[in-house]
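User: I'd like to know what sits behind the labels people put on a model like this one. Can you walk me through some of them?

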Amino acid sequence: MSETLERWQSRRAFILAVTGAAVGLGNIWRFPYMTGENGGSAFLLLYVVFVVLLGLPMMMAEIMIGRAGRRSPMQALAFLAEEADISRHWKWLGLFGAITVFFILSFYSVVSGWSIEYLVSAVNGSFVNRSPQEIGASFDAFLADPLRMTFNHTLFMLLTMSVVAAGIVNGIEKLNNVMMPLLYGILIVLGGYAVTTSGFGAAMHWLFTPDVSAITWGVVLNAMGHAFFTLAVGACALMAYGAYMPDEQSLPRAVFGVAMLDIMVALLSGIAIFSIVFTHGLDPSEGPGLMFVTLPIAFSELPGGQVWLGAFFLLLLIATWTSSINLAEPMVSMLVGAGWRRSRAAILIGGLVWLVGLLSVLSFSTLADVHWIGEMNFFALVSTIPPDIFLPVGGLLIAIFAAWKMSREAAVAALGVSPGAFRLWLGLVRYVSIPLTAVVLVTSLI
Ligand code: PHE
């Protein structure tokens, strides 16, 4: 397959696309509830360390491979392996990435569907003057209704695949330009509100007072997986975007900005959500429902709360939309690279992901007690194993390929940095990121 000629229209477009991929459910929904389930500050601390030591250098590695290969992930890896005269089997890493994003997207779409439901409820004023107990009960009732969940899941898959079918460069650029800044605006308002609540102090204490005793291998593994998930690293999804990166752009600068923003969005959501949790005496380890229960409670007390709540879910929906487009792209571009029409590829992939997503839908009702591994039902399984294990394994292999295997000249050119900066990056990936990821994976799995 020859190289792709498609390019993001500007540097800004590339940065927005990567930001769109990174900022999503991971920051606003998963970060707070994972923090809640993993002891608060201990998790937060590890997550930031992993973002800096693993996430950043590996994100550069992944995008760099895409830019050097200028093809879909599998084909880029095959091409670069040929160029460096090493085993062609490296291309299977692209397939592993496609499998990873397949399972992630299947549950991602279901949870994004929840925000569609909550957007509509907010607009209808369903949460006005309701007690926290009633709001909690209405979430449980929603989860127990597979038809409503399937409807929202279907709608979200249609949204995602229609943009992917239209070609992402055109599709996403427009969406990102307007929506991402709005989302940050609302989060800042929410943060401002959190400061005025009585639980703010407790939330800050809980998030920012390091508690080393809460660190277990399980917490370490979850924090590492979450760092990969939130930055969208390890699934060859950013590799797919790197293929369209303009030639003259600085890769490290773009990546650094995205990672900082990603941390900020997570922190802001965490502060807002835990202030509400502590103000109302709710349980921080409530799990995946945390955001969907806490936010309606908080907004039901604010003047004009329903409007803010509706705006919040609308923007969350957009943030998840730009992430899910990134999740779908590596699978679709793989088929396009093999000669498929983009629209056909999008329909096939979308249909398959939708089907598997139904198992997640049913995990809250009919299949709730069907355990696949240990105590995990299907939703628990796909929302844990692919993010926390597949992504680090994928990231590890991507880093090994980038730092030890591919041709040095191709790497220097695609990373686009000075020789000194290149050596720094190479040293970091070879002697910090790769061993650290391997050690955490092996130890915590044993
Ligand atoms: N980073 C996205 C989020 O935080 C999820 C994602 C993971 C997207 C992997 C692409 C690849 O919601």
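**Core, surface and loops**

Analyst: Sure, starting inside: the largest nonpolar core has 160 residues, and those with the most contacts within it are Trp29, Trp114, Met291, Phe312 and Trp425. Helix H14 (residues 305-337) gives the most to this core, 16 residues. Keep in mind that this is a predicted model, where local features need pLDDT of at least 70 and side-chain atom pairs pLDDT 80 or more, while totals for chains, interfaces and linings use all residues. Numbering runs from 1 along each chain as its sequence is written, and side-chain values use heavy atoms, leaving out hydrogens and water.

User: What makes something a nonpolar core?

Analyst: The term means a set of buried Ala, Val, Leu, Ile, Met, Phe, Trp, Tyr and Cys residues joined through side-chain atoms within 4.5 Å. Buried is under 20% relative accessible area, exposed is over 50%, and partly exposed is in between (1.4 Å probe, protein chains only).

User: Which residues does Trp114 touch?

Analyst: Setting aside residues up to four places away in sequence, Trp114 touches Trp29, Phe139, Phe142, Leu143, Met149, Pro288, Phe292 and Phe364. Contact here is heavy atoms within 4.5 Å.

User: Why is Leu355 called partly exposed?

Analyst: Its relative accessibility is 48%, so Leu355 falls between the two cut-offs and counts as partly exposed. Leu355 is found in helix H15 (residues 342-362).

User: How do you know that the span of H5 agrees with what a helix should have?

Analyst: The expected span is 1.5 Å times one less than the number of residues. For the 32 residues of H5 (residues 92-123) that gives 46 Å, and the end C-alpha atoms are 46 Å apart, so the two agree. Helices are DSSP runs (H or I, at least four residues), numbered from the N terminus. H5 is also mostly covered, with 25 of its 32 residues buried.

User: Why is Asp85 called exposed?

Analyst: Asp85 has a relative accessible area of 62%, which is over 50%, so it is exposed. Asp85 lies in the loop between helix H4 (73-84) and H5, and has a positive phi of about 55° although it is not a glycine. Most residues other than glycine have a negative phi.

User: And Cys236: buried or exposed?

Analyst: Buried, because its relative accessible area is 1%, under 20%. Cys236 has a positive phi of about 65° too, although it is not a glycine, and lies in the loop between helix H10 (217-231) and helix H11 (237-242).

Terms used: Helix = DSSP H or I, 4+ residues; strand = E, 2+ residues; numbered from the N terminus.
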